[in-house]
Amino acid sequence: MSFTGHLFLGLLEGVVSGLVIALTAMGLSLVFGVMRIVNVAHGEFFMLGAVFAWYFSSLTGSFYPALVAAPIIVALVALLADRFILRPIRYAPEPTIVATIGLLYILQQLVLTFYGPYARPVAAPIYFRVDFPWFGYSGYKLVVAALAALLLAALWLVVTRTRLGLYMRATQQDREMAQAFGVPTERVYAAAFALGAVLAAIAGVLIVPVQQAHYLMGLDALLLSFMAVIIGGVGSLTGTLVAALFIGLIDGVMSVFFTPTLAKIVASLLVVFVLVLKPMGLFGGDRL
Amino acid sequence: MSARRITRREAMKTAGALVGAGVLTGISGVLPTRAPTAAAQASTPSGKTLRIGFQVHRTGIGAVYGAWYEKTANAAVMYINETGGIAGRPVELVAEDDGTDPKRGVEVVEKLAQQAKVDFIFGTLFSNVVIAAAPRAGELKIPYLVVSEGYHVPSGKMNRYVFQPGITDVHAQVTALVPWIVKNLGKKITMVFPDYAFGYDHRDFGGAAIAKVGGKVAALVPIPPTETSFTKYFPQIPRDTDVVYHVMVGPGVLTFVLQMGEYFGARKPKLFGFIDSLEGVDMASPGLDFLEGSHIWEALPRYADGYPTRYETFYRARVGVNASGASQQDPKNVSTYSHMFGVWETLFVIKEVVEQSGYEMPGPEGYRAFIETLERFEWFNEGNRHPQGAKKFVGRLHQAFGQQFISQVQNRRLRVVDRTRIEDGMYKPEGDYTKQPL
């Protein structure tokens, strides 16, 4: 394969995985931005999305019900977690980390118990192969990338153009002041947490025809999301998007030209450099 | 033997192995020599029951294998207990999860040996776990019988206490298979393998075997076993490759095969895969049509018509596997059929060796008898105890050698097209454990 072919494959892989990472990381970023908590169980919402996608699509024989049902169920799980775990500990930063680590294991082990250790496939709703001059590529992956981009645009609209978005931004800037102005901050917290989980779950549903549902799949998603959020600047949605694409591209291009292991090393080094040079991240600040 | 008079239902009624076992041995008083000893031990709490430690990958990337290894082990123990136990003693499995994690694997060996005080430890699969845990078993001086396929056992690099009597190692598998690949599929071969010990066995011995029969390794593509996306590795496969030799493990195996199909499309090279790439995967999974016509190694054919011996049929039914290699209860739950027979066979090796050696309890004396007896074995005959086929056992290597199957994907199922003989896999031995002190 020529240099152009290699580069093209690297860029393509990079953009596709970057957009999926962005979708997952956005939820983490949103939750941190609004609630100031680190949700270590975020990757498990991604995994739950994938597992429920398998469940619903094997129940109904079609992928589309799963696309709707799985995120709703994950949202309910997130709301319950918010009500019965996070609220009782008053969203205090350190206890939240411990509590969400606990949640991570509980969700993982529940899935292992009831779903099993299998990596189960789901048929892609649309299957076609795009034949480039150098190699073939999954058409469904391109569709996933496009959908992820659309959802990110929708999220941007929600945050900047709706009342919920306004509430979230207000709560992020100054919780007490927002409360004084009548913003129901507790409900905003719950909504932000559920929305974050839904984004991760949708990413999980979309990825499952590519990657199969497996009870440990949340770990990779969590690590990549953390990287994107840290590099992008904690709480900044724009920063998260830029960083996710950046991580995806580095991974794609480096993997194709060198080795995927080197790509992971470089991405991790990048996190270190960003933290040393700009401790708040590239777009770090107080705004969503 | 009078023990046969007890039916399965009755045995179940007596509330599981422990209680049921007392009755069993009571009735089987006619059993030669051993039974009275067993009955005498009944009064001491740790006596009597033979306790076999089972190191199992219940969680982690080996969990699919672990689930089936456990099913197989339970089926084998049930059958052993129904037919008089081991030397008249009932058998109990003491299973412990190691998370497919080498560090945890060492702890599991310690826990089983020192706290649970089992008689033997067996069942470990993933080679990174075996390599980490085997030295500890050697230090604790407890027989450790793995079902791993890795060459680490016959290489002589483990220790006197480590055996692999139930499954052929990778070195022997590739020695038997590579001549077939080069002769039937092509000379220029690219090897795609997992980036850890098990994969290196393929790389080293497959590579050497390819060169030996006049083939050429076009490229080596190692992939971390935890990888989830594979397209980025495929540019490393040269376009003029005749054959892609692939062996993958872990939860990403189906993705691997699917993405390879998308990448190559109709311009695909010939494929020779090891069933590891498809263990636990339904052949009817979406996107697998790409594999049609390609060849796959199997240790024991997944589909019942592949090797329809009476023993294989018996074993299949006892473990609860249907004719397509999936669970009888859940046809979507596909087994790891080419590996788990090793668990069954290893348990029967323990039975045969305990009965011949007169092993009674943990300790230097018992273990010396056990190990020296096992090392003297030369064959395990085909039968209900060894349904995959007869095994040649080389005592100095602590390793068994069996036949291998080559199947082709036809109409979305595996059809056996060839079978190698035990001799085809024999290689020049390197190690000699019998010279090591006990």
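Two strands count as paired here if DSSP finds at least two bridges between them. Helices and strands themselves are DSSP runs, H or I of at least four residues for a helix and E of at least two for a strand, numbered from the N terminus.

Before the details, the ground rules. This is a predicted model, where local features need pLDDT of at least 70 and side-chain atom pairs count only at pLDDT 80 or more, while totals for chains, interfaces and linings use all residues. Residues are numbered from 1 along each chain as its sequence is written, and chains are lettered from A and ligands numbered from 1 in the order in which they are written.

I'll start with chain B and its eight-stranded sheet. That sheet is open, with mixed pairing and the strand order 2-1-3-4-5-13-12-11. Strand 2 and strand 11 (379-380) are at the edges with a single partner strand each, so one side of each has no neighbour in the sheet.

At one edge, strand 1 (residues 50-56) and strand 2 (residues 91-97) of chain B are parallel and share seven bridges. Gly53(B) has Val94(B) in strand 2 as its bridge partner. Between these two strands the chain passes through helix 4 (residues 63-82) of chain B, giving a right-handed β-α-β crossover; that is, with the strands pointing away from the viewer, the path from the first strand over the helix to the second runs clockwise.

At the other edge, strand 11 and strand 12 (residues 391-394) of chain B are antiparallel and joined by two bridges. There Phe380(B) is opposite Lys391(B) of strand 12. Helix 4 of chain B packs on this sheet, touching strand 1 and strand 2, and its direction makes about 170° with that of strand 2. Contact means that C-beta atoms, placed from the backbone, lie within 7 Å. Angles run from 0 to 180 degrees between N-to-C directions, with axes fitted to C-alpha atoms, for helices over the stretch in contact.

Next, the seven-stranded sheet of chain B. It is also open and mixed, in the order 7-6-8-9-10-14-15. Its edges are strand 7 (216-223) and strand 15 (413-420), each with a single partner strand, so one side of each is left without a neighbour in the sheet. From one strand to the next the twist averages 25°.

Strand 6 and strand 7 of chain B run parallel, with seven bridges, and Phe193(B) is bridged to Pro222(B) in strand 7. The chain gets from strand 6 to strand 7 through helix 8 of chain B, in a right-handed β-α-β crossover. Further in, strand 8 (residues 243-246) and strand 9 (residues 270-274) of chain B are parallel, with four bridges. Leu271(B) in strand 9 is the bridge partner of Val244(B).

Now the contact between the chains: what does each contribute to it? Chain B gives 23 residues and chain A gives 30 residues. On the side of chain B, helix 4 and helix 9 (253-264) are the elements giving two or more residues, and helix 9 of chain B has the largest share, five residues.

Last, a helix pair in chain A. Helix 9 (residues 218-232) and helix 10 (residues 237-257) of chain A pack at about 120°, their axes 7 Å apart. They are therefore oblique to each other, the class left after under 35 degrees (roughly parallel), over 145 (roughly antiparallel) and 65 to 115 (roughly perpendicular).

Terms used:
Two residues are in contact if their C-beta atoms, placed from the backbone, lie within 7 Å.
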